[in-house]
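Here is a small set of exercises to work through with the model open beside you. Try each task before you read the solution under it.

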Amino acid sequence: MSELNENAVYNDEEIAENEARSKQAAIEADKNKPFDPDALLEVRHLRKCFPVQKNLLGKVEKELVAVDDISFTLKAGETLGIVGESGCGKTTMGRTVLKLHQPSGGQIIFNGEDITSYSHAKMRPLRTDMQIIFQDPYSSLPPRATVGDILSEPVKVHGIVPQNQVKEYVMDLMEKCGLRDYYYERYPHEFSGGQRQRICIARALSVKPKLVICDEPVSALDVSIQAQIINLLKDLQRSMNLTYLFISHDLSVVKFISDKVGVMYLGSMVEFGLKEDIFSNPLHPYTKALFSAIPNPDPDVKMNRVVLNGDIPSPINPPKGCRFHTRCPYATEKCKHITPQYKEYEPGHFAACHLLEKDQ
Ligand code: SF4
(Lines give C-alpha, C1' and ligand atoms only; values in the text may rest on other atoms or scores of the structure.)
Protein backbone atom coordinates (compact mmCIF):
# COMPACT_ATOMS: atom_id res chain seq x y z
CA MET A 1 0.00 0.00 0.00
CA SER A 2 1.51 3.36 -0.92
CA GLU A 3 2.55 6.01 1.59
CA LEU A 4 0.06 8.37 -0.07
CA ASN A 5 -2.87 6.09 0.66
CA GLU A 6 -1.82 5.59 4.28
CA ASN A 7 -1.81 9.34 4.87
CA ALA A 8 -4.82 10.14 2.68
CA VAL A 9 -7.90 11.76 4.18
CA TYR A 10 -10.98 9.72 3.32
CA ASN A 11 -14.39 11.28 2.86
CA ASP A 12 -16.62 8.28 3.61
CA GLU A 13 -19.82 9.89 2.31
CA GLU A 14 -18.25 10.80 -1.01
CA ILE A 15 -16.65 7.35 -1.29
CA ALA A 16 -20.00 5.62 -0.57
CA GLU A 17 -21.74 7.73 -3.25
CA ASN A 18 -19.04 6.99 -5.83
CA GLU A 19 -19.08 3.27 -5.03
CA ALA A 20 -22.89 3.12 -5.29
CA ARG A 21 -22.74 4.93 -8.64
CA SER A 22 -20.10 2.64 -10.14
CA LYS A 23 -21.91 -0.47 -8.79
CA GLN A 24 -25.14 0.69 -10.43
CA ALA A 25 -23.29 1.40 -13.69
CA ALA A 26 -21.82 -2.14 -13.66
CA ILE A 27 -25.29 -3.64 -13.00
CA GLU A 28 -26.83 -1.64 -15.87
CA ALA A 29 -24.00 -2.59 -18.25
CA ASP A 30 -24.33 -6.31 -17.40
CA LYS A 31 -28.13 -6.23 -17.79
CA ASN A 32 -27.71 -5.78 -21.54
CA LYS A 33 -25.03 -8.44 -21.94
CA PRO A 34 -26.17 -11.56 -23.84
CA PHE A 35 -26.73 -14.66 -21.72
CA ASP A 36 -23.89 -17.19 -21.65
CA PRO A 37 -25.09 -19.97 -24.02
CA ASP A 38 -22.98 -22.61 -22.18
CA ALA A 39 -24.29 -21.79 -18.69
CA LEU A 40 -27.14 -23.68 -17.04
CA LEU A 41 -27.18 -21.08 -14.27
CA GLU A 42 -25.95 -17.51 -14.52
CA VAL A 43 -26.20 -15.22 -11.53
CA ARG A 44 -25.47 -11.51 -11.99
CA HIS A 45 -25.10 -9.02 -9.14
CA LEU A 46 -27.53 -10.97 -6.96
CA ARG A 47 -28.73 -9.12 -3.85
CA LYS A 48 -31.07 -10.19 -1.06
CA CYS A 49 -32.06 -7.87 1.78
CA PHE A 50 -34.46 -8.41 4.66
CA PRO A 51 -36.14 -5.45 6.41
CA VAL A 52 -35.34 -5.29 10.13
CA GLN A 53 -36.88 -1.93 11.01
CA LYS A 54 -39.78 0.01 9.48
CA ASN A 55 -41.20 3.44 10.37
CA LEU A 56 -44.88 4.17 11.06
CA LEU A 57 -45.55 4.55 7.33
CA GLY A 58 -44.09 1.11 6.63
CA LYS A 59 -40.93 2.50 5.02
CA VAL A 60 -37.86 0.34 5.61
CA GLU A 61 -35.39 2.22 7.82
CA LYS A 62 -32.89 -0.54 8.41
CA GLU A 63 -32.21 -3.71 6.44
CA LEU A 64 -30.03 -6.76 6.66
CA VAL A 65 -28.07 -7.33 3.46
CA ALA A 66 -27.71 -11.11 3.46
CA VAL A 67 -26.42 -11.44 -0.11
CA ASP A 68 -24.66 -8.57 -1.82
CA ASP A 69 -23.59 -8.36 -5.45
CA ILE A 70 -22.88 -12.04 -6.15
CA SER A 71 -22.11 -13.11 -9.72
CA PHE A 72 -21.08 -16.49 -11.18
CA THR A 73 -21.85 -18.92 -13.99
CA LEU A 74 -22.33 -22.66 -13.73
CA LYS A 75 -22.28 -25.04 -16.71
CA ALA A 76 -24.39 -28.22 -16.95
CA GLY A 77 -22.73 -31.14 -15.17
CA GLU A 78 -20.48 -28.90 -13.02
CA THR A 79 -20.35 -28.51 -9.25
CA LEU A 80 -19.84 -25.13 -7.64
CA GLY A 81 -18.82 -25.35 -3.98
CA ILE A 82 -19.71 -22.37 -1.80
CA VAL A 83 -17.73 -22.04 1.43
CA GLY A 84 -17.69 -19.59 4.29
CA GLU A 85 -18.39 -19.31 8.01
CA SER A 86 -21.88 -19.75 9.46
CA GLY A 87 -23.94 -16.62 8.84
CA CYS A 88 -22.03 -15.53 5.72
CA GLY A 89 -25.14 -15.80 3.51
CA LYS A 90 -24.42 -19.11 1.68
CA THR A 91 -27.81 -20.65 2.41
CA THR A 92 -29.72 -17.43 1.67
CA MET A 93 -27.87 -17.19 -1.64
CA GLY A 94 -28.83 -20.79 -2.54
CA ARG A 95 -32.47 -20.24 -1.63
CA THR A 96 -32.59 -16.95 -3.54
CA VAL A 97 -31.21 -18.69 -6.64
CA LEU A 98 -34.09 -21.17 -6.30
CA LYS A 99 -36.45 -18.22 -5.78
CA LEU A 100 -37.60 -19.50 -2.42
CA HIS A 101 -36.70 -15.90 -1.49
CA GLN A 102 -37.54 -13.14 -3.95
CA PRO A 103 -34.26 -11.41 -4.99
CA SER A 104 -33.90 -7.74 -4.00
CA GLY A 105 -31.71 -7.04 -7.03
CA GLY A 106 -29.62 -8.60 -9.80
CA GLN A 107 -30.49 -11.32 -12.29
CA ILE A 108 -30.92 -15.11 -12.17
CA ILE A 109 -30.72 -16.73 -15.59
CA PHE A 110 -31.62 -20.41 -15.63
CA ASN A 111 -31.33 -22.47 -18.79
CA GLY A 112 -31.36 -19.32 -20.96
CA GLU A 113 -34.41 -17.75 -19.24
CA ASP A 114 -34.25 -14.70 -16.97
CA ILE A 115 -36.38 -15.95 -14.06
CA THR A 116 -35.65 -13.06 -11.67
CA SER A 117 -39.13 -11.56 -11.73
CA TYR A 118 -41.10 -14.78 -12.34
CA SER A 119 -44.18 -15.17 -10.14
CA HIS A 120 -44.87 -18.37 -8.12
CA ALA A 121 -47.23 -19.55 -10.87
CA LYS A 122 -44.65 -18.94 -13.60
CA MET A 123 -41.98 -20.73 -11.55
CA ARG A 124 -44.13 -23.86 -11.07
CA PRO A 125 -43.16 -25.62 -14.34
CA LEU A 126 -39.50 -24.88 -13.56
CA ARG A 127 -39.68 -26.33 -10.04
CA THR A 128 -38.96 -29.83 -11.32
CA ASP A 129 -35.74 -28.56 -12.92
CA MET A 130 -34.46 -26.96 -9.70
CA GLN A 131 -34.41 -28.98 -6.49
CA ILE A 132 -32.87 -28.68 -3.04
CA ILE A 133 -31.44 -31.16 -0.53
CA PHE A 134 -31.61 -29.78 3.01
CA GLN A 135 -29.08 -30.08 5.80
CA ASP A 136 -31.28 -31.85 8.33
CA PRO A 137 -32.59 -35.22 7.08
CA TYR A 138 -34.59 -35.62 10.32
CA SER A 139 -36.92 -32.63 9.98
CA SER A 140 -37.17 -32.52 6.18
CA LEU A 141 -39.17 -35.77 5.81
CA PRO A 142 -42.88 -36.06 6.72
CA PRO A 143 -43.07 -38.50 9.70
CA ARG A 144 -46.47 -40.01 8.79
CA ALA A 145 -45.72 -40.97 5.17
CA THR A 146 -43.95 -44.12 4.01
CA VAL A 147 -40.83 -43.89 1.86
CA GLY A 148 -42.94 -45.10 -1.08
CA ASP A 149 -45.46 -42.27 -0.57
CA ILE A 150 -42.73 -39.65 -0.08
CA LEU A 151 -41.05 -40.60 -3.34
CA SER A 152 -44.21 -41.28 -5.37
CA GLU A 153 -46.02 -38.03 -4.62
CA PRO A 154 -43.80 -35.60 -6.61
CA VAL A 155 -43.65 -38.12 -9.49
CA LYS A 156 -47.47 -38.24 -9.65
CA VAL A 157 -48.01 -34.48 -9.12
CA HIS A 158 -45.59 -33.52 -11.89
CA GLY A 159 -46.55 -36.41 -14.21
CA ILE A 160 -42.93 -37.57 -14.53
CA VAL A 161 -44.03 -41.06 -15.73
CA PRO A 162 -47.49 -42.56 -16.51
CA GLN A 163 -49.45 -43.48 -13.34
CA ASN A 164 -49.11 -47.24 -13.91
CA GLN A 165 -45.29 -46.96 -14.00
CA VAL A 166 -44.85 -44.85 -10.84
CA LYS A 167 -44.00 -47.72 -8.48
CA GLU A 168 -41.50 -49.27 -10.88
CA TYR A 169 -39.90 -45.81 -11.42
CA VAL A 170 -39.65 -45.20 -7.65
CA MET A 171 -38.17 -48.68 -7.04
CA ASP A 172 -35.53 -48.02 -9.71
CA LEU A 173 -34.71 -44.63 -8.14
CA MET A 174 -34.43 -46.21 -4.68
CA GLU A 175 -31.94 -48.73 -6.03
CA LYS A 176 -29.88 -45.95 -7.63
CA CYS A 177 -29.78 -44.12 -4.28
CA GLY A 178 -28.73 -47.23 -2.35
CA LEU A 179 -32.13 -47.89 -0.70
CA ARG A 180 -33.38 -51.51 -0.39
CA ASP A 181 -36.73 -52.31 -2.03
CA TYR A 182 -38.42 -53.28 1.29
CA TYR A 183 -37.83 -49.72 2.60
CA TYR A 184 -40.77 -48.74 0.34
CA GLU A 185 -43.31 -49.56 3.07
CA ARG A 186 -41.28 -48.13 5.97
CA TYR A 187 -41.48 -44.78 7.78
CA PRO A 188 -38.67 -42.18 8.14
CA HIS A 189 -38.28 -42.73 11.91
CA GLU A 190 -37.13 -46.32 11.20
CA PHE A 191 -33.96 -45.09 9.48
CA SER A 192 -30.54 -43.72 10.47
CA GLY A 193 -29.38 -40.24 9.44
CA GLY A 194 -27.47 -41.52 6.39
CA GLN A 195 -30.42 -43.55 5.11
CA ARG A 196 -32.76 -40.60 5.63
CA GLN A 197 -30.43 -38.38 3.62
CA ARG A 198 -30.52 -41.00 0.83
CA ILE A 199 -34.34 -40.72 0.90
CA CYS A 200 -34.05 -36.91 0.69
CA ILE A 201 -31.67 -37.25 -2.28
CA ALA A 202 -34.06 -39.72 -3.98
CA ARG A 203 -36.98 -37.32 -3.41
CA ALA A 204 -35.04 -34.40 -4.94
CA LEU A 205 -34.05 -36.52 -7.96
CA SER A 206 -37.49 -38.08 -8.43
CA VAL A 207 -38.60 -35.19 -10.67
CA LYS A 208 -35.50 -35.39 -12.91
CA PRO A 209 -33.99 -32.01 -12.01
CA LYS A 210 -31.18 -30.27 -13.89
CA LEU A 211 -29.90 -28.20 -10.95
CA VAL A 212 -29.70 -29.40 -7.34
CA ILE A 213 -28.83 -27.07 -4.48
CA CYS A 214 -27.13 -29.19 -1.82
CA ASP A 215 -27.39 -27.14 1.38
CA GLU A 216 -24.86 -28.68 3.79
CA PRO A 217 -26.17 -32.18 2.93
CA VAL A 218 -23.61 -34.05 5.05
CA SER A 219 -23.05 -31.67 7.99
CA ALA A 220 -25.52 -33.51 10.23
CA LEU A 221 -24.05 -36.96 9.51
CA ASP A 222 -21.24 -39.07 10.99
CA VAL A 223 -17.91 -38.78 9.14
CA SER A 224 -18.08 -42.39 7.83
CA ILE A 225 -21.59 -41.79 6.46
CA GLN A 226 -20.56 -38.43 4.96
CA ALA A 227 -18.15 -40.21 2.58
CA GLN A 228 -20.90 -42.59 1.38
CA ILE A 229 -23.34 -39.72 0.70
CA ILE A 230 -20.71 -37.65 -1.11
CA ASN A 231 -19.77 -40.65 -3.28
CA LEU A 232 -23.46 -41.27 -3.99
CA LEU A 233 -23.93 -37.62 -5.06
CA LYS A 234 -20.91 -37.92 -7.37
CA ASP A 235 -22.16 -41.18 -8.94
CA LEU A 236 -25.65 -39.73 -9.47
CA GLN A 237 -24.18 -36.59 -11.01
CA ARG A 238 -22.29 -38.69 -13.55
CA SER A 239 -25.23 -40.94 -14.43
CA MET A 240 -27.92 -38.20 -14.51
CA ASN A 241 -25.79 -35.22 -15.71
CA LEU A 242 -26.74 -33.17 -12.66
CA THR A 243 -25.44 -29.71 -11.83
CA TYR A 244 -24.78 -29.00 -8.15
CA LEU A 245 -24.54 -25.84 -6.14
CA PHE A 246 -22.88 -27.37 -3.09
CA ILE A 247 -23.01 -25.28 0.08
CA SER A 248 -20.73 -26.36 2.91
CA HIS A 249 -18.38 -25.11 5.59
CA ASP A 250 -16.32 -28.31 5.28
CA LEU A 251 -13.40 -27.47 2.99
CA SER A 252 -12.28 -31.10 2.53
CA VAL A 253 -15.74 -32.07 1.25
CA VAL A 254 -15.86 -29.05 -1.06
CA LYS A 255 -12.39 -29.89 -2.39
CA PHE A 256 -13.47 -33.44 -3.17
CA ILE A 257 -16.77 -32.71 -4.93
CA SER A 258 -16.36 -29.29 -6.60
CA ASP A 259 -15.15 -28.13 -10.00
CA LYS A 260 -15.33 -24.46 -9.05
CA VAL A 261 -15.24 -22.85 -5.60
CA GLY A 262 -16.69 -19.57 -4.34
CA VAL A 263 -15.66 -18.14 -0.96
CA MET A 264 -18.23 -15.93 0.77
CA TYR A 265 -17.74 -13.48 3.60
CA LEU A 266 -20.53 -11.39 5.12
CA GLY A 267 -22.83 -11.72 2.09
CA SER A 268 -20.20 -11.04 -0.59
CA MET A 269 -18.11 -13.30 -2.79
CA VAL A 270 -14.48 -12.54 -1.90
CA GLU A 271 -12.88 -15.17 -4.16
CA PHE A 272 -14.06 -17.42 -6.98
CA GLY A 273 -12.29 -19.76 -9.37
CA LEU A 274 -11.49 -23.29 -10.45
CA LYS A 275 -10.96 -25.65 -7.51
CA GLU A 276 -7.31 -26.28 -8.48
CA ASP A 277 -6.53 -22.53 -8.59
CA ILE A 278 -8.32 -21.74 -5.33
CA PHE A 279 -6.70 -24.57 -3.37
CA SER A 280 -3.19 -24.29 -4.85
CA ASN A 281 -3.03 -20.50 -4.98
CA PRO A 282 -5.60 -18.78 -2.73
CA LEU A 283 -5.43 -15.01 -3.28
CA HIS A 284 -7.67 -13.49 -0.62
CA PRO A 285 -6.46 -13.27 3.02
CA TYR A 286 -9.79 -14.74 4.20
CA THR A 287 -9.44 -17.78 1.91
CA LYS A 288 -5.85 -18.24 3.12
CA ALA A 289 -7.05 -18.15 6.74
CA LEU A 290 -9.80 -20.70 6.03
CA PHE A 291 -7.42 -23.05 4.23
CA SER A 292 -4.78 -22.77 6.95
CA ALA A 293 -7.26 -24.49 9.28
CA ILE A 294 -7.44 -27.69 7.14
CA PRO A 295 -5.65 -30.42 9.15
CA ASN A 296 -2.70 -32.09 7.42
CA PRO A 297 -2.36 -35.85 8.08
CA ASP A 298 1.45 -35.66 7.60
CA PRO A 299 3.01 -35.03 11.06
CA ASP A 300 6.20 -33.65 9.43
CA VAL A 301 4.34 -30.84 7.68
CA LYS A 302 4.33 -27.69 9.83
CA MET A 303 0.90 -26.06 10.07
CA ASN A 304 0.97 -22.30 9.50
CA ARG A 305 -2.41 -21.62 11.02
CA VAL A 306 -3.77 -18.10 10.51
CA VAL A 307 -6.06 -17.36 13.46
CA LEU A 308 -8.76 -14.80 12.77
CA ASN A 309 -9.61 -12.57 15.71
CA GLY A 310 -13.19 -11.82 16.65
CA ASP A 311 -16.51 -12.91 15.23
CA ILE A 312 -18.03 -12.23 11.85
CA PRO A 313 -19.56 -8.68 12.11
CA SER A 314 -23.32 -8.11 11.97
CA PRO A 315 -24.72 -7.91 8.41
CA ILE A 316 -27.19 -5.25 9.70
CA ASN A 317 -24.30 -2.92 10.30
CA PRO A 318 -21.39 -4.20 8.17
CA PRO A 319 -17.98 -2.48 8.40
CA LYS A 320 -17.22 0.27 5.87
CA GLY A 321 -14.64 -0.35 3.14
CA CYS A 322 -13.49 -3.97 2.96
CA ARG A 323 -15.92 -5.95 5.10
CA PHE A 324 -13.10 -8.21 6.23
CA HIS A 325 -10.88 -5.37 7.54
CA THR A 326 -11.94 -5.83 11.20
CA ARG A 327 -10.32 -9.31 11.19
CA CYS A 328 -7.72 -9.08 8.42
CA PRO A 329 -4.07 -9.22 9.56
CA TYR A 330 -3.05 -7.08 6.54
CA ALA A 331 -5.70 -4.34 6.87
CA THR A 332 -4.55 -0.77 6.21
CA GLU A 333 -6.27 2.61 6.47
CA LYS A 334 -7.42 2.33 2.86
CA CYS A 335 -9.17 -1.00 3.63
CA LYS A 336 -11.24 0.72 6.33
CA HIS A 337 -12.75 3.20 3.87
CA ILE A 338 -12.65 1.90 0.30
CA THR A 339 -14.34 -1.33 -0.84
CA PRO A 340 -11.90 -3.42 -2.93
CA GLN A 341 -13.12 -4.24 -6.42
CA TYR A 342 -13.97 -7.83 -7.27
CA LYS A 343 -11.65 -8.44 -10.25
CA GLU A 344 -10.21 -11.23 -12.37
CA TYR A 345 -6.54 -11.62 -11.37
CA GLU A 346 -5.84 -14.83 -13.30
CA PRO A 347 -7.97 -16.37 -16.07
CA GLY A 348 -11.22 -17.40 -14.33
CA HIS A 349 -9.83 -16.55 -10.85
CA PHE A 350 -11.57 -13.57 -9.18
CA ALA A 351 -10.91 -11.90 -5.84
CA ALA A 352 -11.57 -8.65 -3.98
CA CYS A 353 -8.56 -7.28 -2.06
CA HIS A 354 -6.52 -4.06 -2.21
CA LEU A 355 -3.27 -6.02 -1.74
CA LEU A 356 -3.84 -7.71 -5.09
CA GLU A 357 -4.59 -4.41 -6.85
CA LYS A 358 -1.16 -3.20 -5.72
CA ASP A 359 0.53 -6.33 -7.09
CA GLN A 360 -1.11 -6.05 -10.53
FE1 SF4 B 1 -7.46 -7.43 4.10
FE2 SF4 B 1 -7.49 -5.00 3.04
FE3 SF4 B 1 -7.48 -7.13 1.46
FE4 SF4 B 1 -9.62 -6.51 2.87
S5 SF4 B 1 -8.75 -5.32 1.23
S6 SF4 B 1 -8.74 -8.53 2.63
S7 SF4 B 1 -8.72 -5.75 4.74
S8 SF4 B 1 -5.86 -6.48 2.85
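**Exercise 1. Work out what share of the residues in this predicted model is buried, and then describe the protein as a whole**.

Solution.
- Step 1: Start with burial. Of the 360 residues in the protein, 47% are buried.
- Step 2: Turn to the overall dimensions. A compact globule with 360 residues would have a radius of gyration near 21 Å, and the protein agrees with this because its value is 22 Å. Along the principal axes, the C-alpha atoms fill a box of roughly 75 × 60 × 40 Å.
- Step 3: Look at the surface. The accessible area is about 18300 Å², and carbon and sulfur atoms account for 50% of it.
- Step 4: Add the charges. There are 43 positive and 47 negative side chains, and the centres of these two sets are 4 Å apart.
- Step 5: Finish with the secondary structure and the contacts. The protein has 13 helices and twelve strands. Taking contacts between residues at least 6 apart in sequence, 63% join residues at least 24 apart.

**Exercise 2. Lay out the open sheet that contains β1 and find its edge strands**.

Solution.
- Step 1: Recall the general principle. Strands of a sheet pair through backbone hydrogen bonds, and the pairing is either parallel or antiparallel.
- Step 2: Put the strands in order. Four strands form this open sheet, arranged β2-β1-β4-β5 with antiparallel pairing.
- Step 3: Find the edges. β2 (60–75) and β5 (113–114) each pair on one side only, and these are the edge strands.
- Step 4: Zoom in on one pair. β1, residues 39–54, is joined to β4 by five bridges in the antiparallel sense. Within β4, Q107 is the residue that stands opposite R44.

**Exercise 3. Decide whether L100 is buried, partly exposed or exposed, and describe its surroundings**.

Solution.
- Step 1: Locate the residue. L100 sits in the loop that runs between α3 (90–97) and β4 (105–110).
- Step 2: Classify L100. Its relative accessibility is 45%, so L100 counts as partly exposed; that class lies between the cut-offs of 20% and 50%.
- Step 3: List the contacts. Leaving out residues up to four places away in sequence, L100 touches R95 and R127.
- Step 4: Compare sequence with space. L100 and H120 are separated by 20 residues in sequence, while their C-alpha atoms are 9.3 Å apart.

**Exercise 4. Follow β6 and find out which way its side chains point**.

Solution.
- Step 1: Sort the residues. M130 and I132 point one way from β6, Q131 and I133 point the other way, and all are buried.
- Step 2: Check Q131, which belongs to strand β6 (residues 130–133). Q131 counts as buried because its relative accessible area is 19%, and buried means under 20%.
- Step 3: See what surrounds Q131. Not counting residues up to four places away in sequence, the residues touched by Q131 include L98, A204, P209 and V212.
- Step 4: Find the partner strand. Four bridges pair β6 with β7 (residues 211–215) in the parallel sense, and I133 stands opposite C214 in β7.

**Exercise 5. Trace the strand partners of β10 and examine the turn that leads into β10**.

Solution.
- Step 1: Check the cover. Six of the seven residues in β10 (residues 268–274) are buried.
- Step 2: Identify the partners. β9 (residues 260–265) runs antiparallel to β10 and is joined to it by six bridges, with Y265 and S268 as bridge partners. β12 (residues 349–352) also runs antiparallel to β10, through two bridges; here E271 has A351 as its bridge partner.
- Step 3: Inspect the turn. β9 and β10 form a hairpin with two residues between them, and L266 lies in the turn.
- Step 4: Read the backbone angle. Most residues other than glycine have a negative phi. L266 has a positive phi near 50 degrees, and at 2% relative accessibility L266 counts as buried.
- Step 5: Look for a further case. N241 is also a residue other than glycine with a positive phi, near 50 degrees, and N241 lies in the loop between α8 (223–240) and β8 (243–247).

**Exercise 6. Find the helices that the buried residues of α5 pack against**.

Solution.
- Step 1: Pick out the buried residues of α5 (residues 147–157). Among them are V147, I150, L151 and V155.
- Step 2: Name the packing partners. The buried residues of α5 pack against α6 (166–176) and α7 (193–205).
- Step 3: See what comes after the helix. G159 follows α5 and has a positive phi, near 60 degrees.

Note on methods:
Residues numbered from 1 in each chain as written. Predicted model: local features only at pLDDT ≥ 70, side-chain atom pairs only at ≥ 80, totals over all residues. Heavy atoms only, no water. Rg over C-alpha atoms; globule rule 2.2 N^0.38 Å. Buried < 20%, exposed > 50% of the residue type's maximum accessible area, 1.4 Å probe, protein only. Contact = heavy atoms within 4.5 Å. Areas by Shrake-Rupley, 256 points an atom, 1.4 Å probe, with all protein chains shown as cover. Lys, Arg positive; Asp, Glu negative; His and termini not counted. Charge placed at Lys NZ, Arg CZ, Asp CG, Glu CD. Pairing = 2+ DSSP bridges.
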